[in-house]
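Visitor: Could you take me through one part of this structure closely, namely the place where the metal ions are held? I would like to know what surrounds them and how that place relates to the rest of the chain.

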Amino acid sequence: MRSRESFLVLLAALLPIVLLSALCWRIADTELHNQLTTAAETAVSDADRFLDRIAAGLRERQGMIGASCDPETVHRLDRMTYESPLVRTVGLYDAGGRLYCTSRGPADLDISGQIGDGRRGGLIVRMGRSALMGTPSIVIDNSRDDGAGINAVADPALFDELAAPLAFAQGAALQVTLGDGTLLRETGQPVSALGAAPISLTRQSRKFDLKATVTVPGSSVWVLFRGDLALFGMAGIILSGVLVWVTTRRVTDRQFLSRGLKAALRRRELEVHYHPLIDIQNDRCVGAEALIRWRHPERGLVRPDLFIPIAEESGLIIPVTRWLMNRVRDDFEGIELPREFHISINLAPVQFRDTVIVDDIRAIFSGRNLSPAMLVLEATERFPIDDAGRKVIDALRTMGPGIALDDFGTGHSGLAYLQKFHGDYLKIDASFVQAIGTDAVTRTVVDSIINLARDLDMEIIAEGVETVAQLEYLRKRGVPYAQGFLFARPLPVAEFEIYRRTHPTPVAHHLAAGGDVPMAAVLRA
Ligand code: C2E
Ligand code: CA
Ligand code: CA
């Protein structure tokens, strides 16, 4: 195998594995992100729920703010400690920050330093000390705008039930903190035990000034990745095997064809078939497209689509075309041809790079029955319109052949390309012709191509005409020429000659009048 082919096989082997690994990595990454998000969101919503219960009790008693500390007030504050068992005390404070009444009775304590000045109005959760007992507590203040308010002092055990983060194989930490950074609760492993580059994700509560952060070791994504790879890896290996097999087959196939083609030229395994070109306004055969055939001793007839690209790549297209042109000349030697008769020859893009083709045509056709002026040279849209290309076209033109743009509509060339191309004929690709009568959009495209060709002074050849309906459509729009199985299949020269001389036959007139049997079928019968 040459290095290019070895590279292709290697690529076939590695590509599925590389792509699959990338895919597994993405899946693992997303999976981890989703798990962390779920853990953090669950913690936040649990914390919200615990606090909400207390906040609701405080809101219910909002009207009591500023009330005098009589037994009825004390009783109503105290009831809240029964409703929420983790609430130790509930108290009222005035605008100056003096706690004057609690669920345990009247009081007189300055808590202004703890509430802080900036915290007027709304709910605030803070870590504090029970004003009465001095133990660490969670305090929820519900202040009015003037600074007076009601608060509840709860046991930090309030957050004990916060779910531990989902089970990560390599450990995880959950931290719930207040806006000021005070830690409310920490579960799982200590963050410091999670390795050098841990991955963290934080979710903020929308109700209270708190957030939950879940942290896992940096290697967690690897662990998930390895799991996914184990799951999908087999598929990758099978795919890679299949691709290697297909590529190897293709590569050896191409080598086989490339080597074989050279031998085919020597062994005279190549043939030329002629596909009639019909003037559809007068129903006369006015030419043919020369199409190459390879009759392989073992493989039978090899399609040109298979070996022409290989011939182009290897440069063999030059001697192959040279052989074809010689064959065409010999096939028509001694045959009397009408003056308007044309033979089309397909040229590959590489043949427009230098003037070898010009010399070949001159040498093969000059002074012959089939003169260069009776040729049409077909180029596809892959033909490069650069300086070299122009030079070749101009040189060809001076000898007289017409120039056609083949397969028009299948490439990416636009109007600019067409204008620069300066061709004599435009061949509408069969795919458009065959859509006539089936879909309106393509029909519009066909019409546009016809108009475009007219504007550019190019004659149209419609390819692949298979039905009378298509023929009628094209005829009505004034398209002059067509090729297709409706008229005939590509034929060996002897059969083509019969066809040319006998066309139109009475049967053809019958067909044009509405019959729908392909002409080739009629001819074969
Ligand atoms: P192309 O130049 O577009 O040639 C027309 C192809 O369409 C021919 O196939 C012809 O048999 C087929 N065709 C014609 N009418 C119909 C129809 O009504 N229905 C259908 N379904 N198909 C139709 P073929 O002979 O297999 O040629 C395939 C391609 O091979 C050609 O396409 C051409 O690009 C290339 N080729 C053939 N001979 C040569 C050659 O000597 N030199 C170069 N460079 N290319 C060639
Ligand atoms: Ca062609
Ligand atoms: Ca074509």
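Guide: What follows begins with the two ions, moves on to the ligand beside them in the account, and ends with the sheets. Please keep in mind throughout that this is a predicted model.

Let us start with the calcium ion (ligand 2), which is coordinated by E289 through OE, N346 through OD1, E378 through OE and D406 through OD, at 2.1 to 2.3 Å. Read along the chain, these donors follow the spacing E-x56-N-x31-E-x27-D. Two of them illustrate how distant parts of the chain are linked here, since N346 belongs to strand β14 (residues 342-346) and E378 to strand β15 (residues 375-379), 32 residues apart. Their surroundings can be described by accessibility: N346 is partly exposed, with a relative accessible area of 29%, whereas E378, at 1% relative accessibility, counts as buried.

The calcium ion (ligand 3) has as its protein donors D406 (OD), D407 (OD) and E463, the last of these listed with two OE entries, and they lie 2.1 to 2.5 Å from the ion. Along the chain, the donors of this calcium ion (ligand 3) follow the spacing D-D-x55-E. Here too the pair links distant parts of the chain, with D406 in strand β16 (residues 402-408) and E463 in the loop between β18 (459-462) and α12 (468-476), 57 residues apart. D406 and E463 are both buried.

What joins the two sites is D406, which bridges the calcium ion (ligand 3) and the calcium ion (ligand 2), and these ions lie 3.8 Å apart.

Several of these residues return when we turn to ligand 1. Of the 23 residues around ligand 1, the ones that come nearest are H275, R293, D406, E466 and F485, and D406 is also the residue that coordinates both calcium ions. Polar side-chain atoms approach oxygen atoms of ligand 1 as well: one of R293 lies 2.7 Å from such an oxygen, one of E289 lies 3.1 Å from an oxygen atom of the ligand, and one of D407 lies 3.2 Å from an oxygen atom of the ligand. E289 is thus listed both among the donors of the calcium ion (ligand 2) and among the residues with a polar side-chain atom by ligand 1, while D407 is likewise a donor of the calcium ion (ligand 3) and has a polar side-chain atom by ligand 1.

For the rest of the chain, two sheets deserve a description. An open sheet of six strands, paired in the antiparallel sense, has the order β3-β2-β1-β6-β5-β4. Because β3 (105-110) and β4 (122-129) stand at its edges, each with a single partner strand, one side of each is left without a neighbour in the sheet. The twist in this sheet averages 25° from one strand to the next. Within it, strand β5 (residues 136-143) and strand β6 (residues 149-154) pair over six bridges, and I138 stands opposite A154 in β6. Helix α2 (residues 71-83) lies across β1, β2, β3 and β6, and runs at about 145° to β1.

The other sheet, open and of four strands with antiparallel pairing, has the order β8-β7-β10-β9. Its twist averages 15° from one strand to the next. Strand β7 (residues 173-178) and strand β10 (residues 210-216) run antiparallel and are joined by six bridges, with V176 standing opposite A212 in β10.

Technical notes:
Residues are numbered from 1 along each chain as its sequence is written. Chains are lettered from A and ligands numbered from 1 in the order in which they are written. This is a predicted model: local features need pLDDT of at least 70, side-chain atom pairs count only at pLDDT 80 or more; totals for chains, interfaces and linings use all residues. Side-chain values use heavy atoms; hydrogens and water are left out. Donors are N, O and S atoms within 2.8 Å of the metal (3.2 Å for Na, K and Ca); water is not among the atoms, so sites may look incomplete. Buried means under 20% relative accessible area, exposed over 50%, partly exposed in between (1.4 Å probe, protein chains only). Two strands pair if DSSP finds at least two bridges between them. Axes are lines fitted to C-alpha atoms, for helices over the stretch in contact, and angles run from 0 to 180 degrees between N-to-C directions. Contact means heavy atoms within 4.5 Å. A residue is near a molecule or strand if one of its heavy atoms lies within 4 Å of it. A polar contact is a pair of N or O atoms within 3.5 Å; within protein, one must be able to donate a hydrogen and the other to accept it, and residues adjacent in sequence count only if both atoms are side-chain atoms.
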